[in-house]
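Biologist: I am new to this structure and should be grateful for a close look at one part of it. Please begin with a single residue and its surroundings, and then place that part in the wider chain.

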Amino acid sequence: MFHRILIANRGEIALRILRACRELDIDTVAVYSQADADAAYLALADEKICIGPPPSSQSYLSMPAIIAAAEVADVDAIHPGYGFLSENADFAQTCREHGIEFIGPAAETIRQLGDKATAREIAIAAKVPTVPGSDGIVEDDQQAIEIAEKIGYPVLIKATAGGGGRGMRVANNKISLVSAYHQARSEAEQAFGEAGVYMEKYLERPRHVEIQILADGHGNVIHLGERECSVQRRHQKLVEEGPSAALNESMRRAMGRTAVKLAKACKFKGAGTVEFLLVGKEFYFIEVNCRIQVEHPVTELISRVDLVKEQIRVAAGEKLSLDQRRVRLQGHAIEVRVNAEDPEYGFRPCPGTITKLIAPGGPGVRFDTHIYAGYRVPPTYDSLLAKLIVHAPTRAEAIVRMRRALDEFVIEGVQTTLPTLRDIMRNAFFERGEYDTGFLEDMLG
Ligand code: ADP
């Protein structure tokens, strides 16, 4: 097992990883940018190293700064969390070249899956159902038109290097397709430094359902059920739950088996997520995420498996601590993301100082956050302040519990998404489990 791990991230996920390391008796090295110098969790790390000045967000993205910190602190491994360098194949490879274990899949796997058009090709080769679309990168607008005529409009142009809901464009006809194609390419080039795009049929109001997988380096791959993440704003998740109200037992088994088949096809190692879109009873693969996800606590609560500890153990060469037969999913979990954003003003980010904080608690409530009263939310980073997760025997009880927890929750000083989350938990369609990726837009009007 590792003796010392560097945590190459910030905020709630840095604290989450720190907690796992402390319980595993592993020393931690926290890196931080000057914008995060007053983060309280830094005091829990065995060592802390500053990797950059504000206001730039480069620090957590700077491979040389992080590798230098890892060498100075003499760590065995680096945990990248999510975002930043977590799905950067070059970083995984650089770690390997420096004799440091990257906690995640091999660089080759990240490279293949991080390129979404390639991931699609791997899925097709493994006979995993994909959304009808292009065979890979679409080379020019003429090819785009040919494909669209074959699969039918509307179509979606997606950046092969895309992520975080960015780099997608819908086209309803030939004329809009040509401009969407060129706009998507230049947007992708700007945002990701890679202009390649591919195409999918634009599904009308699908549901987003994803499978959590865990794999070790000994050929064992298991899945831990699904999370439904259809409550989205601009393709970004706000609420996640498990199990999904849209799956029956046989669909659940089929989706789980499909995810494992795909993970095996790309020699996956570590914790990952296979994402699908669901239309009626049919599901279609969209992408694999090669990292721990924001919504991982949903799975942790229903499976009682600590995903971050498993991730660390398998990176250290150990076998998974359980096999598929021992996976028992119990009850229902819901997670909401509390962001420093103002719902009244188009969810614009709201940095500032938190003047008052009353955290929810009580039976079945988990609260993952790095914030506290007096904490300054820097303008530099993602606006996620906290994740509130509840667990209860049934979905109906979980919703009631979440309403209760949200009512206890007080944050003053910055605007947050709490009012929207409270509305979602009281929405009749959400309550009945009758929602899809168009739900939130309808609710917000
Ligand atoms: P990203 O990597 O940017 O998160 P994804 O491919 O995971 O992109 O898609 C994010 C969301 O975009 C999905 O959850 C879904 O809401 C929407 N989406 C993606 N592909 C399609 C599609 N073919 N049809 C309709 N909606 C889609």
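Modeller: Thr-109 belongs to helix H4, which covers residues 107–114. The model is a predicted one, and the values that follow are computed from it. With a relative accessible area of 5%, Thr-109 falls under the 20% limit and therefore counts as buried. Leaving aside residues up to four places away in sequence, Thr-109 touches Cys-266, Lys-267 and Phe-268. With Cys-266 there is also a polar contact: the side chain of Thr-109 reaches the backbone oxygen of that residue at 3.4 Å.

From helix H4 we may turn to a sheet and the helices that lie across it. Three strands form this open sheet in the order E7-E6-E8, with antiparallel pairing. Strand E7 (168–171) and strand E8 (197–201) stand at the edges with a single partner strand each, so one side of each has no neighbour in the sheet. From one strand to the next, the twist averages 25°. Strand E6, residues 155–159, pairs with E8 in the antiparallel sense over 5 bridges; Val-155 stands opposite Lys-201 in E8. Helix H5 (residues 116–125) lies across E6 and E8 and runs at about 50° to E8. Helix H6 (residues 141–151) also lies across E6 and E8, running at about 15° to E8.

Another strand, E19, shows how a strand may be covered. In a regular strand, side chains alternate between the two faces of the sheet. In E19, Val-365, Phe-367 and Thr-369 are buried on one side, and Arg-366 and Asp-368 are buried on the other. Because 5 of the 5 residues of E19 (residues 365–369) are buried, this strand is largely enclosed by the rest of the structure. E19 pairs with strand E21 (residues 384–392) in the antiparallel sense over 5 bridges, and Thr-369 has Ala-386 of E21 as its bridge partner.

These parts sit within a chain that has 14 helices and 22 strands. The radius of gyration is 21 Å, close to the 22 Å that the globule rule gives for 445 residues, so the chain is as compact as a globular protein of that length. Its C-alpha atoms fill a box of roughly 60 × 50 × 50 Å along the principal axes. Of the 445 residues, 57% count as buried. Among contacts in the chain with a separation of 6 or more, 66% are between residues 24 or more positions apart. The accessible surface comes to about 18,200 Å², and 48% of it belongs to carbon and sulfur atoms.

Conventions
Residues are numbered from 1 along each chain as its sequence is written. This is a predicted model: local features need pLDDT of at least 70, side-chain atom pairs count only at pLDDT 80 or more; totals for chains, interfaces and linings use all residues. Side-chain values use heavy atoms; hydrogens and water are left out. Buried means under 20% relative accessible area, exposed over 50%, partly exposed in between (1.4 Å probe, protein chains only). Helices (H or I, at least four residues) and strands (E, at least two) are DSSP runs, numbered from the N terminus. Two strands pair if DSSP finds at least two bridges between them. Axes are lines fitted to C-alpha atoms, for helices over the stretch in contact, and angles run from 0 to 180 degrees between N-to-C directions. Contact means heavy atoms within 4.5 Å. A polar contact is a pair of N or O atoms within 3.5 Å; within protein, one must be able to donate a hydrogen and the other to accept it, and residues adjacent in sequence count only if both atoms are side-chain atoms. The radius of gyration is taken over C-alpha atoms; the globule rule is 2.2 Å times the number of residues to the power 0.38. Accessible areas come from the Shrake-Rupley method with a 1.4 Å probe; for residues, only the protein chains shown count as cover.
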